[in-house]
Amino acid sequence: MTKDLHHTNIRFWGGLKTIGGTVVSVEYKNSRVIFDFGLTYDPATNIFDGQIKRRSRGMVRDNLRLNLIPPIDGLYAAESLGSYQRDLIPAEEYGQETAVIISHLHLDHIGAMGLIAPSIPVYVTKESHELYQALEVIGEGVPGIRDYQFCDYGVSFSIGEIKITPIQVDHDILGACAYHIQTPDGVILYTGDLRMHGKHPEQIDHFINEVNRLGLDAMIMEGTTLGSVEEMREAIMGNPIIPEGMTTEGNIPEKMSDRLKETKGLGIFNVYHRNLDRLTGIIKAAQDSSRKAVFEPETAYLLDKLTNEHDFLVYKSIETIFEEQAGTLPEWKLNLFNKHDTIRAEMINNSPGEYYLQNTYENVLELFDINVSEGIYIHSNGVPLGDFDPAYENLKKILTKLKVDYVYIGAGGHAIPSHLKYIVDRINPKILIPLHSFNPERLKPKSGMQMLVDYGVDYVLKDHQITAN
Ligand SMILES: [Zn+2]
Ligand SMILES: [Zn+2]
């Protein structure tokens, strides 16, 4: 395996046949761009089971040993590598200029970005940067301490002779983008994660037009929703239409408020709060069903920092009340409570039918203090996401003890197969590289070539063509 230094080299380090954990490097002469740096999402097989303590000083070595992060030269700091310096060149001794670019802040795309040597810039979009700063405040930053650089949609920047242009896409998180990556040998487009049933389908239209205007050779595309031949027999036909009856980000508020109107008791929701469109939709559902939305402090903080929403209350749990009395509340919570009206369990219990209350899985025991009779638990893409997560069984057990009805009203963040195909058809790349999927082979380009890539192979981009070296 020899590297062709006169042309663009591409290597795939993770995420080819898994959901997330995508890591790809693109090298031209003395510069290199690596995109996304997350961890594969699979709660059932995660070696970090919540019982093993992570070693903050040994994280890079431990993760390399467990094959959770890729063994890439020149990416990790010497002191974090320890004995791994025998196998890997530390960032300090590497001759090339490297930058890491991040498509969006889901853990399967950022989980390990804190482990990259602080000397290497890690770029996120401006919106992602704002979201990340808020996440750090509420204790949801990724492990590792470092700074992040930001870029903006449509504004190109260069790493050596590699030119990068972020293009906004719609996904179930603020700040998501695709990257258009140009070297003197050709152009690669990395889609990140995207969907057409979100609140902003116009962003996908704009994304397609931008890509077509800028031009491309190879398209690296996510394929999360692609099923196997057994699961979906027919070839996938491209089609932008939202199938009848499909739950979308846009119709979730109505579906929720319909259900809340039929419910006499408390409405409870479990949400993934990085999806700000969903939070806004929840407030709308509460308004439409004559209820008041109540958020846990962490989520309320995101709403406060990143949206213009004011019509909500902040929930004060027993723990929070104790912290307040002991004077140990963190600064951000104090400020939040000064700025927004708060509510305790007793108040909710006086008239549960007037509220729509957030309950994340980790706080599920809080519901033991709350009057949930004749209430409804609306699961809206909060963890545990489904029965592939062992915690899902636990959640169901607790809800059974509470004797509260359960309903799922959620929408995924990934384009359905007909939409994936529609996007590919409209862009019509010469080379399509599907990944971030259990069945990448199902997504085929209209007239170009489908390329199913492997780990450990150097791909060479030369004269706008890609070949395996
Ligand atoms: Zn993903
Ligand atoms: Zn994602």
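Begin by selecting the zinc ion (ligand 2), whose protein donors are His104 (NE2), His106 (ND1), His171 (NE2) and Asp193 (OD), lying 2.1 to 2.4 Å from the metal. Bear in mind throughout that this is a predicted model. With the donors displayed, follow them along the chain, where their spacing reads H-x1-H-x64-H-x21-D. The 4 donor atoms subtend angles of 89 to 171 degrees at the zinc ion (ligand 2), and the arrangement is therefore irregular. For reference, four tetrahedral donors would ideally stand at 109.5 degrees.

Stay with two of these donors and colour the elements that carry them. Histidine 171 sits in the loop between strand E8 (162-168) and strand E9 (177-183), while aspartate 193 sits in the loop between strand E10 (186-190) and helix H5 (201-214), so the pair ties together parts that are 22 residues apart in sequence. Histidine 171 and aspartate 193 are both buried.

Next, keep aspartate 193 selected and move to the second metal, since this residue bridges the zinc ion (ligand 1) and the zinc ion (ligand 2), which lie 3.5 Å apart. Which residues coordinate the zinc ion (ligand 1)? Asp108 (OD), His109 (NE2), Asp193 (OD) and His436 (NE2) do so, at 2.1 to 2.2 Å. Here the angles subtended by the 4 donor atoms run from 87 to 159 degrees, which makes the arrangement around the zinc ion (ligand 1) irregular. Along the chain, the donors of the zinc ion (ligand 1) follow the spacing D-H-x83-D-x242-H. Aspartate 108 belongs to helix H3 (residues 107-110) and histidine 436 to the loop between strand E19 (431-435) and strand E20 (449-450), so this pair ties together parts that are 328 residues apart in sequence. Aspartate 108 and histidine 436 are both buried.

From the metal sites, widen the selection to the sheet with mixed pairing, an open one of 7 strands in the order E7-E8-E9-E10-E11-E19-E20. Strand E7 (157-159) and E20 stand at its edges with a single partner strand each, so one side of each is left without a neighbour in the sheet. Within this sheet, pick strand E11 (residues 218-222), which runs parallel to E19 and is joined to E19 by 5 bridges; alanine 218 stands opposite isoleucine 431 in E19. Then add helix H13 (residues 417-427), which lies across E10, E11 and E19 and runs at about 170 degrees to E11.

Now turn to the parallel sheet, in which 7 strands form an open arrangement in the order E15-E14-E13-E16-E12-E17-E18. Its edge strands are strand E15 (342-343) and strand E18 (405-408), each of which pairs on one side only. Strand E17 (residues 376-380) runs parallel to E18 and is joined to E18 by 4 bridges, and the bridge partner of isoleucine 378 in E18 is valine 407. Helix H12 (residues 390-402) lies across E17 and E18, at about 165 degrees to E17.

Finally, select helix H7 (residues 276-288), which lies across strand E12 (267-271), strand E13 (292-295), strand E16 (355-358) and E17, and runs at about 145 degrees to E13. Show helix H6 (residues 252-262) beside H7: the two pack at an angle of about 35 degrees with their axes 8 Å apart, and their crossing is right-handed. Side chains to display at this contact include Met256 and Leu260 in H6, and Ile282 and Ala285 in H7.

Terms used
Residues numbered from 1 in each chain as written. Chains lettered and ligands numbered in written order. Predicted model: local features only at pLDDT ≥ 70, side-chain atom pairs only at ≥ 80, totals over all residues. Heavy atoms only, no water. Pairing = 2+ DSSP bridges. Contact = heavy atoms within 4.5 Å. Axes fitted to C-alpha atoms, helices over the stretch in contact; angles between N-to-C directions. Donors = N, O, S within 2.8 Å, 3.2 Å for Na, K, Ca; no water. Tetrahedral: all angles 85-135°; square planar, octahedral: opposite > 155°, others 65-115°. Buried < 20%, exposed > 50% of the residue type's maximum accessible area, 1.4 Å probe, protein only. Left-handed = near helix turned anticlockwise from the far one by under 90°.
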